[in-house]
Amino acid sequence: MKIGIGSDHGGFELKEYIKEYLNKEGIEYIDYGTNSMDSVDYPDYGKKVSEAVVSKEVDRAIVVCGTGIGISIACNKVKGIRCALCGDTYSARMSREHNDANILALGGRVVGRDLAMEIVGVWLKTEFANGRHKRRVEKISEIEA
């Protein structure tokens, strides 16, 4: 599995911490920026990461901004993206199992590092359940079309 990762300045520190986690777990990733805490616009990074998922350059992705709200909204504007903002492990698991979320959003200023790593771990390990959930995800795609 190859993961895309991106953030704005508000999520930069947590993004860097997530990269350390991915390295320790032996998970390949591509960092789409930002590369410092200098102020940038989260939609630019949400779009880059989302396009990488849609084009299959990466399998899934993780994005971070200050709250996770703005970057998740930006990601969800890209056709084919199901970005879930998660602040707990249950939501992370359900976003994958029931919604087949292909991007995880986190708030760098609202989720602590340890909890963020638990959320990332659960989200990466959880597979889509298919079954009745497949029909529902297909309906989301129909709305998008």
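**Entry 1: the cysteines**

I looked up C83 and found it buried, because its relative accessible area is 11%, under the 20% cut-off. I am working with a predicted model. I then checked C75. C75 is buried too, with a relative accessible area of 0%.

Which cysteine sulfur is closest to the sulfur of C83? I found the one in C75, 4.4 Å away. A disulfide needs the two sulfur atoms within 2.5 Å. So the sulfur of C83 is too far from that of C75 for a bond. I started again from C75, and its closest cysteine sulfur is the one in C83. My count of disulfides comes to zero. I wrote down a reminder: a disulfide is a covalent bond between the sulfur atoms of two cysteines.

**Entry 2: the nonpolar cores**

I noted a general point before looking. In soluble globular proteins, nonpolar side chains tend to be buried together.

How many residues does the largest nonpolar core have? I read off 22. The residues with the most contacts inside this core are I18, I62, L104, L106, V120 and L124. I listed the elements that give two or more residues to this core: the strands β1 (2-7), β3 (60-65) and β5 (103-107), and the helices α1 (12-25) and α5. The largest share comes from α5, with six residues.

I picked L104 for a closer look. Leaving out residues up to four places away in sequence, L104 touches A61, I62 and V63. L104 also touches A84 and C86. Its other contacts on this list are I119, V120 and W123.

Apart from the largest core lies another core, of 17 residues. Among its residues I found Y32, V58, C75 and A105. C75 is the cysteine from my first entry, with 0% relative accessible area.

**Entry 3: a glycine in α5**

I went back to helix α5, which covers residues 113-125, and stopped at G121. Is G121 buried or exposed? I put G121 down as buried, because its relative accessibility is 6%. I also compared G121 with A92. They are 29 residues apart in sequence. In space, the distance is 9.2 Å, C-alpha to C-alpha.

**Entry 4: the largest pocket**

My last search was for empty space. Rolling a probe the size of a water molecule over the atoms shows where empty space is left. The largest pocket has a volume of about 160 Å³.

Which residues line the largest pocket? I listed V53, V54, K56, V58, D59, G80, R82 and N102. I sorted this lining into three nonpolar, two polar and three charged residues. V58 is in this lining, and V58 also belongs to the core of 17 residues.

Definitions and conventions
Residues are numbered from 1 along each chain as its sequence is written. This is a predicted model: local features need pLDDT of at least 70, side-chain atom pairs count only at pLDDT 80 or more; totals for chains, interfaces and linings use all residues. Side-chain values use heavy atoms; hydrogens and water are left out. Helices (H or I, at least four residues) and strands (E, at least two) are DSSP runs, numbered from the N terminus. Buried means under 20% relative accessible area, exposed over 50%, partly exposed in between (1.4 Å probe, protein chains only). On a 1 Å grid over the protein atoms alone, a cavity is a set of points where a 1.4 Å probe fits but cannot get out, and a pocket is an open set with protein on both sides within 12 Å along at least five of seven lines; lining residues have an atom within 4 Å of a point. Grid points are joined across faces, edges and corners, and a volume is the space filled by probe spheres set on the points. Ala, Val, Leu, Ile, Met, Phe, Trp, Tyr, Cys and Pro count as nonpolar, Asp, Glu, Lys and Arg as charged, and the others, Gly among them, as polar. A nonpolar core is a set of buried Ala, Val, Leu, Ile, Met, Phe, Trp, Tyr and Cys residues joined through side-chain atoms within 4.5 Å. Contact means heavy atoms within 4.5 Å.
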